[in-house]
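Visitor: Got a minute to go over the empty space in this one? I'd like to start with the cavity lining.
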Amino acid sequence: NSTSASNEELGEIVAELRNYSRETHHEKIIRGIAICLALVNYGQEENADAMIEEMRGDRDPIIRYGAMYGLALAYCGTGSNKAIRILLHTAVSDVSDDVRMASVIGLALVLHKTPERVPELVRLLLESFNPHVRYASCMAVGIAMAGTGDSESISLLEPMLTDMADHVRQGALLGTAMIYMQQSDTCNHRKIKTFREKLANLISDKHQTTLTKMGAILSTGLLDYGGRNCALSLGSSNGFTKMTSAAGLVLWLQHWHWYPLMHMLSLAVTPTVTIGLNKDFKYPKKFEIVCNAKPSAYAYPRKLEEKKEEKKKRVETIELSATAKNKARLARKRAKEDADSGEGVEDAAMDVDKKEEDEKKVDKAEGMDVDGAGKEAKPDETKPKKKREPEPTSFRLSNPARITTAQASVCTFDLDQRYRPVRPEETPCGVVMLTDSTPGEDEELGAVKTPAQEDEADPPASFEWTPPGHPDHPDTTVGKNESGEITEEKDATEESKTE
């Protein structure tokens with residue numbers, strides 16, 4: 001009875017919202033109602049078909065836009081072929097760009113449990129003549145393959161980074177950043193480092209459009225989200241779809257129409273922390289997890305370093321020995337001509353002697369340089385070269401530790417240590433409950449402090465709010481005389497005239 005009563009109440013609210021969306025002419029209100037109806041349909045599947053069909057047939061494109069998100073949320077994570085068919089049909093047939101954009105992004109929500117299908121479905125849509133469809137395709141690939149570092153998905157989005165439309169470039173930057181979330185510098189043949197440099201150049205470039213710059217700034221934030229300890233994920237580690245993540249992602253995507261909704265992305269990301277707890281919910285510091293991969297494969301990216309500008313030193317011009325010889329030869333030639341003419345013989349002879357002395361000095365200096373170079377070269381030959389030590393093929397993670405989604409598949413529990421997991425067969429991610437094999441020995445434990453344990457300000461005292469200017473307002477004297485009786489207000493224009 002209570003369920004049927006709540007369904008009837010919900011039906012009345014939905015009908016009232018639909019009626020109000022037809023009566024009002026404010027676009028923001030209509031869009032808010034459309035997204036509200038979409039969120040109401042989360043996880044309803046076939047129960048939402050009637051409402052979605054009604055919204056799909058509406059003349060207002062904003063309501064149809066809400067219908068696409070409603071369909072995606074109703075079948076979120078189910079992989080329903082019916083929902084995929086409707087979304088693909090709308091992506092190529094609707095007359096509104098916004099509706100087509102929403103339908104393509106909806107594919108990522110429906111197929112988030114089988115993300116590898118999304119790049120295959122939108123491969124042709126990435127070549128669409130419609131820039132809104134290309135933008136949505138980039139976002140869909142990014143949402144589906146977030147945190148995987150998939151090289152094929154990156155190669156699909158690379159041509160979009162130089163698209164003619166600025167919002168398509170924004171979508172390509174955001175999609176690529178989602179895929180590269182929590183990836184090390186060695187990911188995808190070190191292309192992630194090139195992508196970071198590209199983002200930095202776009203942000204500092206004065207000639208870039210606002211949308212492209214905005215995409216570069218948001219992408220930089222996505223790459224380093226939560227100190228590189230969070231990942232975009234619509235599902236839990238156990239395979240369940242998280243309602244808060246799906247709703248937060250849909251609301252974040254509305255930043256296209258309203259910038260303040262960018263903050264909603266925090267609902268869609270999940271901390272990738274693995275922490276082992278004992279029966280008292282304290283973490284043993286000597287519990288470790290084995291990662292069967294090289295440390296560089298899942299290491300944090302290097303911190304940015306400011307480039308120091310080196311002052312250019314002025315290089316002194318050096319006269320070559322060949323130049324000195326040529327000058328000496330010309331001086332001899334000139335002296336000979338002067339001797340034949342009988343004029344300036346003494347001066348010419350002096351010039352010749354001087355040039356010969358300079359030439360001898362240059363030759364002597366060259367010989368000294370060659371000898372010095374030979375002496376300096378000897379120590380370099382005997383200097384031993386440093387051997388690069390091979391990187392280990394596995395390493396151990398202390399408790400607690402960051403274990404990314406991709407890293408969890410190569411991590412295992414060491415069952416020979418003191419603390420062992422209650423369920424050793426499960427993937428080492430999230431909260432892991434431990435048992436102590438030697439409970440009598442001393443333990444080295446750490447406690448997790450919650451934000452509630454921090455000092456907070458006292459709540460304000462209870463009060464009754466009245467608007468400023470009201471006779472009962474405590475801080476106003478308007479409308480009252482000295483005795484507290486209400487008086488008539490004079491018109492400000494009359495007062496100014498009397499003055």
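Visitor: Which residues line the largest cavity?
Guide: In this predicted model, the lining of the largest cavity consists of Gly-147, Met-181, Gln-182, Ala-231, Thr-404 and Thr-405.

Visitor: How does that lining split by class?
Guide: Four residues are polar and two are nonpolar, with no charged ones.

Visitor: And how much space is in there?
Guide: The largest cavity holds about 30 Å³. With a cut-off of 30 Å³ or more, the count is one cavity.

Visitor: OK, pockets. What's the volume of the largest one?
Guide: About 1,000 Å³ for the largest pocket. Its lining has 36 residues, and those closest to the centre are Ser-233, Gly-235, Ser-236, Ser-237 and Thr-405.

Visitor: What's the class breakdown there?
Guide: The pocket lining has 16 nonpolar residues, 16 polar and four charged.

Visitor: Which element supplies the largest share of that lining?
Guide: Strand 3, with three residues. Elements that each supply at least two include helix 8 (131-144), strand 1 (230-232) and strand 10 (430-436).

Visitor: Switching to sheets. What order do the strands take in the open four-stranded one?
Guide: The order is 7-3-10-9, with mixed pairing. Strand 7 (401-402) and strand 9 (419-421) are the edges, each pairing on one side only.

Visitor: How do strands 9 and 10 run, parallel or antiparallel?
Guide: Antiparallel, joined by three bridges. Tyr-419 has Asp-436 in strand 10 as its bridge partner.

How values were computed. Residues are numbered from 1 along each chain as its sequence is written. This is a predicted model: local features need pLDDT of at least 70, side-chain atom pairs count only at pLDDT 80 or more; totals for chains, interfaces and linings use all residues. Side-chain values use heavy atoms; hydrogens and water are left out. On a 1 Å grid over the protein atoms alone, a cavity is a set of points where a 1.4 Å probe fits but cannot get out, and a pocket is an open set with protein on both sides within 12 Å along at least five of seven lines; lining residues have an atom within 4 Å of a point. Grid points are joined across faces, edges and corners, and a volume is the space filled by probe spheres set on the points. Ala, Val, Leu, Ile, Met, Phe, Trp, Tyr, Cys and Pro count as nonpolar, Asp, Glu, Lys and Arg as charged, and the others, Gly among them, as polar. Two strands pair if DSSP finds at least two bridges between them.
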